[in-house]
Amino acid sequence: MIEEYTKCMLVDMSNKVLEHLAQKHEKVREGVKSVMGGRVLDYEAKTIKKEGIKEGLQKGRCLDRQEFILESLEETGSVPEDLRRKIMEEEDMEKLKKWSRLAARVMSVEEFLERCQEK
């Protein structure tokens, strides 16, 4: 999201360009200023915000899956640090879904590792 200062600077610069381009056409200049206002910047800020929210939600879903896998495996035994790291670094949601289903069914960490290698 752009900061308020940056937004103000862009609006000021846009107004200066607009004034230069429409010096001889007062009605055009005023019409464009009233229509545009800060809408372009607001739209860009909203787009950036939506993208950030989407990315945050995706990361949250990954984290939920990762934690579920680890919690499920911890119920069957000690989870080696390298496996823990591999699970926490994985961002492919399809792989995390498969691992979640597998972690919920296996009887041991060793079985999880063996069955992961099979697939």
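Patches, as I use the word here, are made of residues with over 30% relative accessible area and no salt bridge, like charges being joined within 9 Å. I keep that definition at the head of the page for the entry on surface charge.

**Entry 1. The model.** I am working from a predicted model. I looked up the secondary structure and found six helices and zero strands. Along the sequence the pattern reads α-α-α-α-α-α. The protein has 119 residues, and buried residues make up 21% of them. I noted an accessible surface of about 9,200 Å², with 54% of it belonging to carbon and sulfur atoms. For contacts with a separation of 6 or more, I found that 55% come from residues 24 or more positions apart.

**Entry 2. The negative patch.** Which residues form the negative surface patch? I listed Asp-64, Glu-67, Glu-71 and Glu-75. I then checked where Glu-75 sits, and placed it in the loop between helix 3 and helix 4. Glu-75 has a relative accessible area of 72%, so I entered it as exposed, the cut-off being over 50%.

**Entry 3. Salt bridges.** How many salt bridges does the structure hold? I counted five. I wrote up three of the pairs, as follows.

I began with Lys-59, which forms a salt bridge with Glu-55. The closest N and O atoms of this pair are 3.6 Å apart. Both residues belong to helix 3, which covers residues 39-74. Because Lys-59 and Glu-55 are four residues apart in that helix, about one helical turn separates them. I noted Lys-59 as exposed, at 52% relative accessibility. Glu-55, at 47%, is partly exposed.

Next I looked at Glu-74, whose salt-bridge partner is Arg-84, with 2.9 Å between the closest N and O atoms. Glu-74 lies in helix 3 and Arg-84 in helix 4 (residues 81-89), so this pair ties together parts that are ten residues apart in sequence. Are the two residues buried, partly exposed or exposed? I found Glu-74 partly exposed at 39% relative accessibility, and Arg-84 partly exposed with a relative accessible area of 23%.

The third pair I wrote up is Arg-115 with Glu-111, where the closest N and O atoms are 3.3 Å apart. Both lie in helix 6, residues 109-118. They are four residues apart there, about one turn of the helix. Arg-115 is partly exposed, with a relative accessible area of 24%. Glu-111 is partly exposed as well, at 22%. I noted that the cut-off for buried is under 20%, so Glu-111 does not count as buried.

**Entry 4. Ile-69.** I went back to helix 3 for Ile-69, which is placed in that helix. Is Ile-69 buried or exposed? At 0% relative accessibility I entered Ile-69 as buried, because the cut-off is under 20%.

Which residues does Ile-69 touch, not counting those up to four places away in sequence? My list reads Ile-87, Leu-96, Trp-99, Ser-100, Ala-103 and Phe-112. I followed up one of these, Trp-99. Ile-69 and Trp-99 are 30 residues apart along the chain, and I noted 6.8 Å between their C-alpha atoms. Ile-87, another residue on the list, falls within the range of helix 4, residues 81-89. Phe-112, also on the list, falls within the range of helix 6, residues 109-118.

Terms used:
Residues numbered from 1 in each chain as written. Predicted model: local features only at pLDDT ≥ 70, side-chain atom pairs only at ≥ 80, totals over all residues. Heavy atoms only, no water. Salt bridge = Lys/Arg side-chain N within 4 Å of Asp/Glu carboxyl O. Helix = DSSP H or I, 4+ residues; strand = E, 2+ residues; numbered from the N terminus. Buried < 20%, exposed > 50% of the residue type's maximum accessible area, 1.4 Å probe, protein only. Patch = residues over 30% accessible without salt bridge, like charges linked within 9 Å, V, L, I, M, F, W, Y side chains within 5 Å. Areas by Shrake-Rupley, 256 points an atom, 1.4 Å probe, with all protein chains shown as cover. Lys, Arg positive; Asp, Glu negative; His and termini not counted. Charge placed at Lys NZ, Arg CZ, Asp CG, Glu CD. Contact = heavy atoms within 4.5 Å.
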